[in-house]
Amino acid sequence: MTRRVLSPLGALALVALAGGAAPLSGQGHVSAGASALLIFDRVDPIPLGGALGEVRVVHPVAMLHASLGQRLSFNGMANFEGLTIDDGQLAPGVAGEGYADRRHPHTYLHEAVATFEHSASLGNADIAYSISAGKGFAPYGSDDPMSRPVIRYPVNHHLAQVLERLVAVAAVRSGPAGLEAALFNGDEPDGPGQWPKAGRFGDSWSLRLTLYPAGGVELQGSIASVTSPEHRDGGGLDHSQRSVSARLERALGTHRVYGLAELARSDDEAFVFHSFLAEAAWGTGRHRAHYRFERTERPEEQRLLDPWRTPRPHHDFSNLGITRWSLHTVGYAFDAPVPRRFELTPIVEASIGRIRALTPDSFDPELFYGRDTFWTVSLGVRIGWGARLHRMGRYGAAAAPDPGFAGAGIEHIH
């Protein structure tokens with residue numbers, strides 16, 4: 001099974017590593033790139049108490065973007081975390097796809113979406129519209145954390161994004177407003193080599209409205225109905241999700257600024273989970289600093305003999321209650337001087353936080369972790385070549401406008 005999954009990814013990786021950026025015959029263009037982050041994480045406490053440090057390679061990706069004229073385009077990304085963090089990455093509070101307090105590896109084929117786009121005039125209005133299909137992101141919530149400034153994944157990842165699905169997305173945009181609608185399969189993957197269950201395509205849907213009131217400013221609101229995401233055969237609880245956010249990304253003189261504030265809510269028929277997140281980044285020259293505050297509620301599921309893992313498929317009786325994770329994260333990154341199209345970026349980041357049990361009779365953080373506060377320290381270096389990480393999940397007419405500045409700064413973050 002792994003060989004079958006890796007075969008198309010190997011082809012994508014070879015194209016990415018050999019392609020660079022080049023014009024195609026006619027009006028087409030292709031760009032490619034690859035990057036990875038070598039990181040040391042130290043966490044205190046871990047489940048059952050104590051501290052732990054680990055060295056991992058995270059975000060090992062190969063990217064390919066191609067266009068043929070102005071109407072046809074393709075976004076592709078292979079992610080090799082199944083080979084580098086099969087047992088997950090240390091991340092207190094992060095949970096999903098059978099992992100707890102570790103970030104799960106993403107699937108080998110992270111994104112492969114083809115888009116047809118066209119434009120027309122209706123009266124005095126110019127309208128762009130597109131149809132996109134493939135494996136990728138449903139139009140819901142904010143950007144994938146991989147393409148944002150903070151390298152630590154937020155606790156709200158599964159509340160604020162819906163990714164790695166078979167999707168069909170229709171988008172239309174006129175002036176400062178854009179609307180996206182999508183059908184997709186509800187099941188989320190149980191492992192990095194697993195393909196979405198095609199027979200479930202269309203059992204889930206999402207809508208996202210985005211407004212662009214000023215240069216570099218985005219306001220989005222989205223809803224999603226996700227059928228049985230944690231039970232592959234469709235026998236689990238359905239999730240009703242809501243998200244609103246405001247995003248800023250622009251140049252101010254020689255400075256680059258970025259900000260995001262979001263609210264997310266998920267109702268799984270048994271529990272309701274809420275999240276608030278705000279993050280900001282500032283960059284000038286080769287220097288970047290960032291900060292995030294997050295307060296997110298998560299389900300406390302039964303653990304297996306391995307305290308980092310939870311039962312899959314998820315069942316109705318595995319939730320022990322709800323905890324609220326509040327944490328502050330601060331970090332700094334520096335772009336080392338290297339030849340053009342290469343990237344070498346040392347990064348340091350630290351988080352402190354507190355855990356509160358909202359259902360204290362069911363789960364006691366002090367008993368399970370040894371205390372209700374935690375900290376993490378991360379030291380890493382990102383190595384890259386070619387195209388940098390892009391904003392995943394906005395295709396065709398829904399693609400965000402260029403913020404108006406280039407380079408290793410806020411829009412490509414790392």
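A residue counts as exposed when its relative accessible area is over 50%, and as buried when that value is under 20%. The legends below use these terms for a predicted model.

**View 1. Val55 on strand E3.** Val55 is part of strand E3. Its relative accessible area is 52%, so Val55 falls in the exposed class. Val55 is also one of the residues that make up a nonpolar surface patch.

**View 2. The nonpolar surface patch.** The patch covers about 800 Å². Its members are Leu38, Phe40, Val55, Val57, Tyr332, Val348, Ile352, Trp375, Val377 and Leu379. Four strands each give two or more residues to this patch: E2 (29-44), E3 (52-68), E18 (342-357) and E19 (373-386). Of the contributing elements, E19 gives the most, with three residues.

**View 3. Asn79 in strand E4.** Asn79 belongs to strand E4, which spans residues 72-79. With a relative accessibility of 0%, Asn79 is under the 20% cut-off and therefore counts as buried. A polar atom of the Asn79 side chain lies 3.0 Å from the backbone nitrogen of Glu81. When neighbours within four places in sequence are left aside, the residues in contact with Asn79 are Pro60, Val61, His106, Thr107, Tyr108, His110 and Met146.

**View 4. Ser266 in strand E14.** Ser266 is found in strand E14, residues 255-267. Its relative accessibility is 4%, so Ser266 also counts as buried. Setting aside neighbours within four places in sequence, Ser266 is in contact with Leu159, with His239, Ser240 and Gln241, and with Phe271, Val272 and Phe273.

**View 5. The whole protein, as context for the close-ups.** The protein has 414 residues, and 53% of them are buried. Its secondary structure consists of four helices and 19 strands; strands E4 and E14 hold the two buried residues described above, Asn79 and Ser266. Among contacts with a separation of 6 or more, 64% are between residues 24 or more positions apart. The exposed area of the protein is about 16900 Å², and carbon and sulfur atoms supply 63% of this area.

Notes: Residues are numbered from 1 along each chain as its sequence is written. This is a predicted model: local features need pLDDT of at least 70, side-chain atom pairs count only at pLDDT 80 or more; totals for chains, interfaces and linings use all residues. Side-chain values use heavy atoms; hydrogens and water are left out. Patches are made of residues with over 30% relative accessible area and no salt bridge: like charges are joined within 9 Å, nonpolar side chains (Val, Leu, Ile, Met, Phe, Trp, Tyr) within 5 Å. Accessible areas come from the Shrake-Rupley method with a 1.4 Å probe; for residues, only the protein chains shown count as cover. A salt bridge is a side-chain nitrogen of Lys or Arg within 4 Å of a carboxyl oxygen of Asp or Glu. Buried means under 20% relative accessible area, exposed over 50%, partly exposed in between (1.4 Å probe, protein chains only). Contact means heavy atoms within 4.5 Å. A polar contact is a pair of N or O atoms within 3.5 Å; within protein, one must be able to donate a hydrogen and the other to accept it, and residues adjacent in sequence count only if both atoms are side-chain atoms.
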